[in-house]
Amino acid sequence: MIGSMFVGFIIGLIAGAITSRGERMGCIGKILLGWFGSLIGQFLFGHWGPMLADTAIVPSVLGAVILLAIFWRRDS
């Protein structure tokens, strides 16, 4: 559980840095972004690339970037 929270937070941080969105999201928001981004990314792109806590990092970051691009306004 703690491992998946840490991985979700790291994925959320990376996606936020790539898109320059979600700066004011907070720790819990970044963890949720990482979890849902991982779910979407691994569903769309599969399980490839480096793995951390049974999570494929590259597809997960891509999924989180997609979520940020669709649902998060730049000025929020």
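Which residues does Gly-16 touch, not counting those up to four places away in sequence? In this predicted model, Gly-16 touches Arg-21 and Leu-68 once residues up to four places away are set aside. Gly-16 lies in helix α1 and is buried, with a relative accessible area of 12%. Between Gly-16 and Val-61 there are 9.6 Å in space, C-alpha to C-alpha, although the two are 45 residues apart in sequence.

**Overall layout**

The protein chain has three helices and two strands, and read along the sequence these follow the pattern α-α-β-β-α. The radius of gyration is 11 Å, close to the 11 Å that the globule rule gives for 76 residues, so the chain is as compact as a globular protein of that length. Along its principal axes, the C-alpha trace spans about 35 × 25 × 15 Å. Of the 76 residues, 39% count as buried, and among the contacts with a separation of 6 or more, 54% are accounted for by residues 24 or more positions apart.

**Helices α1 and α2**

The 18 residues of α1 should span 26 Å at 1.5 Å a residue, and the end C-alpha atoms of α1 are indeed 26 Å apart. Helix α2, residues 26-45, has 20 residues and reaches 27 Å from its first C-alpha to its last, close to the 28 Å expected at 1.5 Å a residue. Each of these helices is followed by a residue with a positive phi: Ser-20, just after α1, takes a value of about 60°, while Gly-46, just after α2, takes one of about 90°.

The buried residues of α1 are Val-7, Gly-8, Ile-11, Gly-12, Ala-15, Gly-16 and Thr-19, and what covers them includes α2, β1 (51-52), β2 and α3. An α-helix has 3.6 residues a turn, so residues three or four places apart point the same way. In α2 the buried residues are Gly-29, Lys-30, Ile-31, Leu-33, Gly-34, Gly-37, Ser-38, Gly-41 and Gln-42, and their cover includes α1, β2 (55-56) and α3.

Gly-12 links the accounts of these two helices. Gly-12 lies in helix α1 and is buried, with a relative accessible area of 0%. Leaving aside its neighbours within four places in sequence, Gly-12 is in contact with Lys-30, Leu-33 and Gly-34, which are listed among the buried residues of α2. The C-alpha atoms of Gly-12 and Ile-2, which are 10 residues apart along the chain, are separated by 15 Å.

**The nonpolar core**

Which residues make up the largest nonpolar core? This core has 11 residues, namely Val-7, Ile-11, Ala-15, Met-25, Leu-33, Ile-57, Val-61, Ala-64, Val-65, Leu-67 and Leu-68. The elements that give two or more residues to this core are α1 (2-19) and α3 (57-71), and the largest share, six residues, comes from α3. Ala-64, one of the core residues, touches Ile-11, Ala-15, Leu-33 and Gly-37, not counting residues up to four places away in sequence.

**Ser-60, a buried polar residue**

Ser-60 lies in helix α3 and is buried, with a relative accessible area of 0%. What does the side chain of Ser-60 reach at 2.6 Å? That side chain reaches the backbone oxygen of Ala-56 at this distance, and the side chain of Ser-60 also makes a polar contact with the side chain of Ser-38 at 3.2 Å. With neighbours within four places in sequence left aside, Ser-60 is in contact with Ile-11, Gly-37, Ser-38, Gln-42 and Thr-55. Of these partners, Ile-11 is among the buried residues of α1, whereas Gly-37, Ser-38 and Gln-42 are among those of α2.

**Annotated segments**

An unreviewed UniProt entry places the feature "transmembrane region" at residues 6-22, 31-49 and 55-72. The table gives the make-up of two of these segments in the predicted model.

| Segment | Helix | Strand | Distance between end C-alpha atoms |
|---|---|---|---|
| Residues 6-22 | 82% | 0% | 18 Å |
| Residues 55-72 | 83% | 11% | 24 Å |

Notes
Residues numbered from 1 in each chain as written. Predicted model: local features only at pLDDT ≥ 70, side-chain atom pairs only at ≥ 80, totals over all residues. Heavy atoms only, no water. Core = buried A, V, L, I, M, F, W, Y, C linked by side-chain atoms within 4.5 Å. Buried < 20%, exposed > 50% of the residue type's maximum accessible area, 1.4 Å probe, protein only. Helix = DSSP H or I, 4+ residues; strand = E, 2+ residues; numbered from the N terminus. Contact = heavy atoms within 4.5 Å. Expected span 1.5 Å × (residues − 1). UniProt positions renumbered as here; feature names shortened; annotations may be inferred. Polar contact = N/O pair within 3.5 Å; in protein donor to acceptor, adjacent residues only side chain to side chain. Rg over C-alpha atoms; globule rule 2.2 N^0.38 Å.
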